[in-house]
Amino acid sequence: MTALSPTAPSPSAPSPTEMTRAVALVVRPAAALRGSPRLPGDKSISHRALLLGLLAEGRSTIVGLSEGEDVRSTRSIIEALGARVEVGDVDASDRVTVDSDGLASLTPPSRPLDCGNAGTTMRLVAGILAGQPFAATLDGDDSLRSRPMGRVIEPLRAMGASVSAAAGDRAPLEIGGRAHLTAIDWTPEVASAQVKSAILLAGLRADGTTIVRESVATRDHTERMLRARGVAVRSRDDGRGGDVVELDGGQAVRPYDESIPGDVSAAAFWLVAGVAHPDASLELEAVGINPGRRAAIDLLREMGGDIEERRAISAQGGTLDPEPGEPAADLVVRSSNLRSIDVDGRSVAAAIDEIPVLALAATQARGTSRFRSIGELRVKESDRIAGIVAGLRALGADIAVDGNDLVVVGPTPLHGAEVDGQADHRLVMTFAIAGLLAAGQTTIHGAASHAISDPGFLTELERIRP
Ligand code: S3P
């Protein structure tokens, strides 16, 4: 059984973040797990489908757009910049249409642009605004205001953009007012698809060829989606596990009809529930399996997870064509005997959003698991290292930080406890899955934030109990 209950009402009107923190979720163990939890549309692809719809002149359509709060933030920002967005039409109630006058005709917004909790929104929109003739302000909630923005500010300034920020290169950011940018050849210090994407989007408005050199290749949705919209983006392997991506400035973005696969990062919670629960069989439909996103599936399999890929399809509906469409497959997951895993820094980067729930899987695996070079997890929506260690320890796990590694010894039986989800969607959902496995009752504080990426999560958590 699952219950979401507001704790004592706050005397004054709470900020959205306080409101989020004030909701507790109670999860009781499940005797068995069966069925087919529904997934939200992929969050990374949803943000980009909206943003590229803004940059294209004409009508774009999107099927399967995520209804998560992060993507809603992006939607309201593209509307503030001049796009017209409508949901639902005669043949597909979930079809979203985006009409825009395109990259050269954005409207100066009359208010600061609120990115909410969404780092992807802030960093990608920063790239779009960099080459605009007007200035705009990007802001967000307390979590987003505490996250590092220097990683996008630096390259955008190097391209000639005007960017000012709060102390420590934090949001709010004031950006734009320079219609002319110059291409750069940039090697980001951190493996980040958000940074790569911000630079490429700014590169559309720059003179010359913008080059991003990644020592660890990150998810390539921006490149695939730009190509699908008629923008020539060249990518090549650097021969050392990295990637070089190039784009010539001045290219137009054409409208496109996008069909978005199920979010593999959301699927990861159900995959871990399935492999770790002793009586589970779950099916997940049309999960995105882009090579840059599927690391969690592969790592769970390496741990002995019984995950079958049934029907390989393209989210575009056609054959499995790696470009421009996004590949997808149906997955079937069953109870498994898990063994420990040693995850190197490259794989940690590839599964960055799934590390908290993979750490939960490791608590149920035989042996000592190690997740290496986990520093980036400290600057996500919360300090996910501190949050996962505190939460899983309270539930009975043997988990510790060793230098820059996370070490989990298993298997340990979990027991219900009170844990703090840190108003971080991925921590909340990890602890909710732990609650299905744990003896007794698990109470998760800050739980409403699951809706950042998966508003349907609690319904599905109930539906999979036979
Ligand atoms: C994202 C990239 C990743 C990821 C985030 C979504 C994207 O962030 O953690 O949830 O859509 O580009 P970084 O690029 O900062 O690693």
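**A tour from β8 to helix α13**

Select Leu113 to begin: Leu138 of β8 stands opposite this residue. This is a predicted model, in which local features need pLDDT of at least 70 and side-chain atom pairs count only at pLDDT 80 or more, while totals for chains, interfaces and linings use all residues. Residues are numbered from 1 along each chain as its sequence is written, and side-chain values use heavy atoms, with hydrogens and water left out.

Show β7 (residues 113-114) and β8 (residues 135-139), which pair in the parallel sense over two bridges. Pairing requires at least two DSSP bridges between the strands; strands are DSSP runs of E, at least two residues, and helices are runs of H or I, at least four, numbered from the N terminus. On its other pairing, β8 runs antiparallel to β10 (residues 170-176) over four bridges, and Thr137 stands opposite Glu174 there.

Next, select helix α13 (residues 384-394). Its buried residues include Arg384, Ile385 and Leu392; buried means under 20% relative accessible area, exposed over 50%, partly exposed in between (1.4 Å probe, protein chains only). At the N-terminal end, Asp383 caps α13, with a side-chain oxygen 3.1 Å from the backbone nitrogen of Ile385. After α13 comes Gly396, with a positive phi near 105°.

Stay on Arg384 and add Asp424: they form a salt bridge, with the closest N and O atoms 2.9 Å apart. The term covers a side-chain nitrogen of Lys or Arg within 4 Å of a carboxyl oxygen of Asp or Glu. Arg384 is in α13 and Asp424 in the loop between β25 and α14, so the pair ties together parts 40 residues apart in sequence. Both residues are buried.

Terms used. Polar contact = N/O pair within 3.5 Å; in protein donor to acceptor, adjacent residues only side chain to side chain.
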